[in-house]
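User: I'm new to this one and would like to go through it step by step. Please start with the charged side chains.

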Amino acid sequence: MATSQLHMQTLFRFDDEGRIAGTREPDGERGPVFWLARGIDVCAWAVRRGTPEPLARELAKLRIFDDRLIELALARLATC
């Protein structure tokens, strides 16, 4: 498991659909509407349970953009 994915799994509880159900703190809160973390080669992201589907789709586009930035950065590092 990548570091960013592990970080996300450590911070939050998830429902069966993979959406954030809450934080893992003793008096856990609902959690953020959107969470994203980048590693050197992977991006971990999730939206909160109950987030309207149109908004969840728009937020997912941010992850796609982020993946492209990671690919560009890795390609640039390969040429150094």
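Analyst: A salt bridge here is a side-chain nitrogen of Lys or Arg within 4 Å of a carboxyl oxygen of Asp or Glu. This is a predicted model, in which local features need pLDDT of at least 70 and side-chain atom pairs count only at pLDDT 80 or more, while totals for chains, interfaces and linings use all residues. Residues are numbered from 1 along each chain as its sequence is written, and side-chain values use heavy atoms, with hydrogens and water left out.

User: How many salt bridges does a search of the whole structure find?

Analyst: The search turns up 1 salt bridge. Glu-53 and Arg-19 form a salt bridge through their side chains, at 2.8 Å from N to O. Glu-53 sits in helix 2 and Arg-19 in the loop between strand 1 and strand 2 (20-23), so the pair links parts of the chain 34 residues apart. Helices (H or I, at least four residues) and strands (E, at least two) are DSSP runs, numbered from the N terminus.

User: Is Arg-19 buried or exposed?

Analyst: Arg-19 counts as buried, at 14% relative accessibility. Its partner Glu-53 is partly exposed at 40%. Buried means under 20% relative accessible area, exposed over 50%, and partly exposed in between, with a 1.4 Å probe and protein chains only.

User: What about Asp-15, which side chain of opposite charge is nearest?

Analyst: That is Arg-49, 4.4 Å away, and Asp-15 is buried without a salt bridge. For charge, Lys and Arg count as positive and Asp and Glu as negative; His and the chain ends are not counted. Asp-15 lies in the loop between strand 1 and strand 2.

User: So what does the side chain of Asp-15 reach?

Analyst: The backbone nitrogen of Glu-17, at 2.9 Å. A polar atom of the Asp-15 side chain is also 2.9 Å from the backbone nitrogen of Arg-19. Beyond its neighbours within four places in sequence, Asp-15 is in contact with Ala-21 and Arg-49. Contact means heavy atoms within 4.5 Å.

User: Where is Arg-48 found?

Analyst: Arg-48 is in the loop between strand 4 (43-47) and helix 2 (53-79). Arg-48 is buried too and has no salt bridge; Glu-29, the nearest side chain of opposite charge, is 8.1 Å away. A polar atom of the Arg-48 side chain does lie 2.7 Å from the backbone oxygen of Gly-31. Not counting residues up to four places away in sequence, Arg-48 touches Arg-19, Ile-20, Arg-30, Gly-31, Pro-32 and Val-33.

User: New topic: rings. How many aromatic pairs are there?

Analyst: The count is 3 aromatic pairs. One of them joins Phe-12 and Phe-14, edge-to-face, with 6.4 Å centre to centre and 85° between the planes. Another joins Phe-12 and Trp-35, also edge-to-face, at 5.6 Å and 75°. This second pair connects strand 1 (residues 12-14) with strand 3 (residues 34-38), its members being 23 residues apart. The rule is that rings of Phe, Tyr and Trp (its six-membered ring) pair if their centres lie within 6.5 Å; planes under 30 degrees apart count as stacked, over 60 as edge-to-face and the rest as tilted.

User: Which residues form one aromatic cluster?

Analyst: Phe-12, Phe-14 and Trp-35. Phe-12 is buried at 5% relative accessible area, while Phe-14 is partly exposed at 24%.

User: Why does Trp-35 count as buried?

Analyst: Because its relative accessibility is 14%. Outside four places in sequence, Trp-35 touches Ser-4, His-7, Met-8, Leu-11, Phe-12, Ile-20, Ala-44, Trp-45 and Ala-46. The C-alpha atoms of Trp-35 and Met-8 are 8.2 Å apart, with their positions 27 residues apart along the chain.

User: Which residues does the largest nonpolar core have?

Analyst: There are 7: Met-8, Phe-12, Ile-20, Trp-35, Ala-37, Ala-44 and Ala-46. Strand 3 and strand 4 each supply at least two of them. Such a core is a set of buried Ala, Val, Leu, Ile, Met, Phe, Trp, Tyr and Cys residues joined through side-chain atoms within 4.5 Å.

User: Last one. What pattern does the chain follow along the sequence?

Analyst: The order is α-β-β-β-β-α, from 2 helices and 4 strands. Of the 80 residues in the chain, 29% are buried. Among contacts with a separation of 6 or more, 45% are between residues 24 or more positions apart.

Technical notes:
A polar contact is a pair of N or O atoms within 3.5 Å; within protein, one must be able to donate a hydrogen and the other to accept it, and residues adjacent in sequence count only if both atoms are side-chain atoms.
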